[in-house]
Every structure is written in C-alpha cells, then in structure tokens.
Amino acid sequence: MEAKLTLVGAGPGDGELITLKGMKALQNADVVLYDELANAEFLDFAPEQALKMYVGKKAGNPSFSQQEINGLIVRLARKRGHVVRLKGGDPFVFGRGHEEMEYAREHGVTCSVIPGVSSCISVPAAMEIPVTRRGVSESFWVITGTTQNGELSEDMQLAVQSKATVIVLMGMSKLDEICRLYKYFGRGHLPMAVIQNGTRPDEKRVMGQVWEIQRLAKENDLGTPAIIIIGEVVALHPHYALEYLQSMQEAL
C-alpha cells in the first residue's frame with residue numbers, strides 16, 4: 001500500500017465545475033479530507049467505504065489548525081493509502097496546498113496536484129464580468145484580503161493605484177478598510193461588486209461604486225465566503241447600470 005496525497009481543486013462551488021481529473025481522483029480515494037468551500041456533493045464521487053472527514057476553516061468558528069491537518073494527511077496516508085485533499089477553488093491560490101504537499105513529502109508521502117477552477121476568475125465570469133477587456137483593463141490583481149497576521153495585504157496600497165482589475169479573496173472583514181483606501185486615493189467612484197457564495201444556488205451579490213458598497217453589502221446582509229471585484233470591468237455587467245440606479249434611489 002502506497003502512502004499517497006492528491007491535492008484536488010474543487011472549483012468555486014458549483015458541483016459541475018470540478019475537473020474530470022479531480023473527479024477521477026475522488027473515485028480512487030481511500031480518504032477524503034474536505035474544506036468548507038468544497039461542495040459536499042463531491043463526496044458522492046468517492047467510494048462508499050472511503051473515510052470522509054471535514055477539516056475546513058470558517059471565520060469565527062472553531063476549526064482544525066493547519067498543523068493538525070498536516071498531521072492528519074500523513075497519518076491517514078500511512079494507515080489507509082490514498083488521501084484526497086479536496087480544497088475549494090485551486091489548491092495553490094491562497095489554499096495552503098503547497099504547505100500541505102511539502103509537509104507530506106517531507107514525511108515520505110507521494111504527492112500530486114490536480115488544479116482547480118479558481119473563484120478569482122470563475123465567479124466574475126459566471127456573473128458575466130470579464131476580469132480583462134480590451135480597452136478597459138489590461139491586467140488583474142488577485143490579492144488576499146487578510147494576511148497571516150490578520151492585516152490587510154500591503155499589496156492593496158499598490159493595487160488601488162493601478163488601472164488593473166482588483167480581485168480580493170477572503171476580504172469581507174476588511175471591506176471597510178479597502179473602500180477607505182480607494183477613497184483616500186480619490187477612486188471612490190470606481191465600479192465594485194461583492195459576490196457571496198459565487199456559482200452556488202444561494203449566491204448573493206451587490207454592485208455599485210466603492211463609496212456606497214459598504215452600505216449595500218450591509219443592507220443585503222452579505223457575508224463570507226465572498227469575493228470583491230473592483231474596476232471598470234464591473235460596469236460591463238448587463239445589469240450594472242440598473243442596479244446602480246436603484247441603489248442611488250434607495251440612498252436618497
């Protein structure tokens with residue numbers, strides 16, 4: 001029996017957005033360790049006898065530490081064989097996948113990675129917001145909203161001043177700070193969208209300008225998990241003008 005780890009990107013949440021290769025890995029799993037952001041229906045792909053264990057992290061709730069997850073991967077791989085680590089989005093986009101793989105490999109576990117569809121591009125695309133568009137945006141930034149020490153990434157200072165589309169993951173707790181930064185640099189007029197549970201049936205969203213997005217997010221009770229999109233491309237959404245007009249009328 002080979003001790004083996006396969007990191008699988010589960011995609012943004014829609015059950016049909018996992019890759020075929022990821023699905024095949026699940027079908028051959030002895031153990032599935034899955035995250036908060038991984039759709040539970042993916043577990044149906046795994047053999048009935050496979051051990052299925054939730055090891056997710058959710059803001060404000062007790063959860064497994066990264067050290068505990070690393071240890072579980074190694075112990076279960078040695079005891080049962082093939083461990084599939086199912087992670088929302090792509091395992092190497094703010095998913096700590098490389099940390100888990102590195103730890104497992106250092107402890108004699110064979111490792112492989114199956115990329116996933118990252119929410120940073122798929123959630124905007126599902127909403128018909130292109131992260132790049134000729135004549136509008138030549139590039140895009142993907143930034144973590146909260147760093148390891150709990151602070152807003154210093155890269156936001158640079159991103160705010162760029163013409164690029166800015167996509168913030170794990171940034172809802174820093175929404176006020178992000179908006180304040182844009183307004184400080186005189187960019188409070190930029191179109192902005194906040195999308196919770198993107199691609200899922202319970203998806204919620206608000207669109208408007210930076211200066212008003214805190215109010216809109218609060219009024220619509222948006223929380224985590226959510227992604228934040230800032231830039232002129234947001235105004236390309238087919239309903240942006242209508243929703244912006246409605247938000248203006250409600251604010252008066």
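Which strands does helix α6 lie across, and at about what angle to β10 does it run? I shall begin with that question, and I should say at once that the model before us is predicted. Helix α6, residues 175-184, lies across β7, β8 and β10, and its direction makes about 5° with that of β10.

Let me place those strands in their sheet. The sheet is open and has five strands, in the order β6-β7-β10-β8-β9, and its pairing is mixed. At the edges are β6, residues 140-144, and β9, residues 204-209, each of which pairs on one side only. On average, neighbouring strands of this sheet are turned by 15° against each other, with direction ignored.

One pairing may serve as an example. Strand β8, residues 191-196, and strand β10, residues 226-230, run antiparallel and are joined by five bridges. Within that pairing, glutamine 196 has alanine 226 of β10 as its bridge partner. A further helix, α4, residues 119-126, also packs on the sheet, where it touches β6, β7, β8 and β10. The direction of α4 makes about 75° with that of β10, whereas α6 runs at about 5° to that strand.

I turn now to the nonpolar cores. In soluble globular proteins, nonpolar side chains tend to be buried together. Here the largest nonpolar core has 25 residues, and those touching the most other members are Met156, Leu175, Tyr182, Val194, Ile228 and Ile230. At least two residues of this core come from each of α5, β7, α6, β8, α7 and β10. Helix α6, with which we opened, gives the most, namely five residues. Methionine 156 illustrates the packing: leaving aside residues up to four places away in sequence, it touches Ile143, Val166, Val168, Ile178, Leu181 and Tyr182. Another core, of 17 residues, lies apart from this one, and among its members are Val31, Ile73, Val74 and Ala104.

Next, strand β4, residues 82-87. How many of the residues of β4 are buried? Six of its six are, and the strand is thus mostly covered. His82, Val84 and Leu86 point one way from β4, while Val83, Arg85 and Lys87 point the other way. Two strands pair with β4 in parallel: β1, residues 4-9, through six bridges, and β2, residues 31-34, through four. In the pairing with β1, leucine 7 stands opposite arginine 85. In the pairing with β2, valine 32 has valine 84 as its bridge partner.

Strand β4 also brings us to the largest pocket, since β4 is among the elements that give two or more residues to its lining, together with α2, α4, β8 and β10. The volume of this pocket is about 1400 Å³. Its lining comprises 43 residues, of which Leu37, Lys57, Phe94, Leu169 and Met170 lie nearest the centre.

Finally, consider glutamate 138, in the loop between α4 and β6. Is glutamate 138 buried or exposed? Its relative accessibility is 81%, and because the threshold for exposed is over 50%, glutamate 138 counts as exposed. From C-alpha to C-alpha, glutamate 138 lies 31 Å from glycine 15, and the two are 123 residues apart in sequence.

To close, I return to helix α6: it lies across β7, β8 and β10, and it gives the most residues to the largest nonpolar core.

How values were computed:
Residues numbered from 1 in each chain as written. Predicted model: local features only at pLDDT ≥ 70, side-chain atom pairs only at ≥ 80, totals over all residues. Heavy atoms only, no water. Pairing = 2+ DSSP bridges. Axes fitted to C-alpha atoms, helices over the stretch in contact; angles between N-to-C directions. Contact = heavy atoms within 4.5 Å. Buried < 20%, exposed > 50% of the residue type's maximum accessible area, 1.4 Å probe, protein only. Core = buried A, V, L, I, M, F, W, Y, C linked by side-chain atoms within 4.5 Å. 1 Å grid on protein atoms, 1.4 Å probe; cavity = no way out; pocket = protein on both sides within 12 Å on 5 of 7 lines; lining within 4 Å. Points joined across faces, edges and corners; volume = space filled by probe spheres on them.
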